[in-house]
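Subject: Structure for you to look at

Hello,

Here is the structure I promised to pass on. Please open it next to this email, and read the notes below as you turn it around.

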Amino acid sequence: MSDTLQTASLEADFDRVIERHDRIEPRDWMPEKYRATLVRQVAQHAHSEIIGMQPEGNWITRAPSLRRKAILLAKVQDEAGHGLYLYSACETLGVTRAELTEKLIAGKQKYSSIFNYPTLSYADVGTIGWLVDGAAICNQVPLCRTSYGPYGRAMNRICKEESFHQRQGFELLLTMMSGTDAQRAMVQESVDRFWWPALMMFGPPDVESPNTAQSMAWRIKRDTNDDLRQKFVDMSVPQAQALGVTLPDAELRWNEERGHYDFTQPDWDEFMAVVKGSGPCNAQRIAHRKRALDEGAWVREAATAFARSQREDAS
């Protein structure tokens, strides 16, 4: 069989797997563009988990009680674990964790825009849990059914933990909203700052998204950016009412005909500026990641040397 016919046969097999809603596994043949799209998406997801430790980790030493410190520390540790699951899934596509980290630091790969905003008060810990992890859940639950096996299996565990994080955040805000006027004002101010960046987490509108259509065709993604954003708004409004906070959108109202809430689109010029590196904390986040990489070099070297000695002893 000629190379052309063999490739055509492999492509047909790949297409049949996708059409049956089955899984592509690491040893299966896949188009190079499919592989590259997965590397881009899974790496961005992994980077987001690791960079996302920074905004909340900023408050571990300043938590108001030992209980809150333990909760926050456990959550940040979970995020590190999520990053490891996703880096491992990405490695099945033929790239190393070191290569991915180098691309992140060099600005060749991205992470979620939300993590380029500062955490200015302890209420932000709750708001991130409620809104940011809530948005992550909307985006990630469909990824449990993604067409690439290792990615979907990683998402099964991640989503269970993210759901717990979202409830933790809601509980923290509910506690603060039951407190003093100053605490309630702190929560409202935090929600005002994070609402719009949370809407941006789903990516640009579908008409401006360069990757959504192909990712949907390959069933890497299961929902469009706009559909996920609408689902998030519909979920968040009754939760905000239960908390007693006001979402900062004067146009937010129920549309009986659509069966959804109408809402104002976020500032997409701001989104693009943040994605391109001009957000409030872009430089700080990458500098911190690079510093951690450099300072941890001796640990990696020691682990590699130990593994080498173990192999030599075994042989």
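What follows is a short tour of the overall build, one helix pair and the empty spaces.

Please keep in mind that this is a predicted model.

**Overall build**

The protein chain has 13 helices and 2 strands. Its C-alpha atoms fill a box of roughly 75 × 55 × 35 Å along the principal axes. The radius of gyration is 21 Å. For 315 residues, a compact globule would come out near 20 Å, so the value agrees with that expectation.

**Helix 4 and helix 7**

Look next at helix 4 (66-91) and helix 7, which covers residues 149-177. The two pack with their axes 10 Å apart. The angle between them is about 160 degrees. Angles over 145 degrees count as roughly antiparallel, so helix 4 is roughly antiparallel to helix 7. The crossing is left-handed. What kinds of residue make up this contact? There are 10 nonpolar, 4 polar and 9 charged residues in it.

**The second largest pocket**

Helix 4 also turns up here, as one of the elements that give two or more residues to the lining of the second largest pocket. The others are helix 2 (32-51), helix 3 (53-57), helix 5 (97-105) and helix 12 (282-295). Which of them gives the most? Helix 12 does, with 6 residues.

The pocket holds about 610 Å³ of space. In total, 26 residues line it. To find the centre, go to I50, Q54, H288, R289 and A292, the lining residues that lie nearest to it. By class, the lining has 14 nonpolar, 7 polar and 5 charged residues.

**The cavity**

Rolling a probe the size of a water molecule over the atoms shows where empty space is left. How many cavities of 30 Å³ or more does the count give? The count comes to 1. The largest cavity has a volume of about 40 Å³.

Its lining is made of P55, I114, F115, Y117, T119, I128, V132 and F194. By class, 7 of these residues are nonpolar and 1 is polar. No charged residue is in the lining of the largest cavity.

**Where to start**

I would begin with the pocket lining around H288 and R289, then move to the cavity lining at F115 and F194. The helix 4 and helix 7 pair can come last.

Best wishes

Key. Residues are numbered from 1 along each chain as its sequence is written. This is a predicted model: local features need pLDDT of at least 70, side-chain atom pairs count only at pLDDT 80 or more; totals for chains, interfaces and linings use all residues. Side-chain values use heavy atoms; hydrogens and water are left out. On a 1 Å grid over the protein atoms alone, a cavity is a set of points where a 1.4 Å probe fits but cannot get out, and a pocket is an open set with protein on both sides within 12 Å along at least five of seven lines; lining residues have an atom within 4 Å of a point. Grid points are joined across faces, edges and corners, and a volume is the space filled by probe spheres set on the points. Helices (H or I, at least four residues) and strands (E, at least two) are DSSP runs, numbered from the N terminus. Ala, Val, Leu, Ile, Met, Phe, Trp, Tyr, Cys and Pro count as nonpolar, Asp, Glu, Lys and Arg as charged, and the others, Gly among them, as polar. Axes are lines fitted to C-alpha atoms, for helices over the stretch in contact, and angles run from 0 to 180 degrees between N-to-C directions. Angles under 35 degrees count as roughly parallel, over 145 as roughly antiparallel, 65 to 115 as roughly perpendicular and the rest as oblique. A crossing is left-handed if the near helix is turned anticlockwise from the far one by less than a right angle, and right-handed if clockwise. The radius of gyration is taken over C-alpha atoms; the globule rule is 2.2 Å times the number of residues to the power 0.38.
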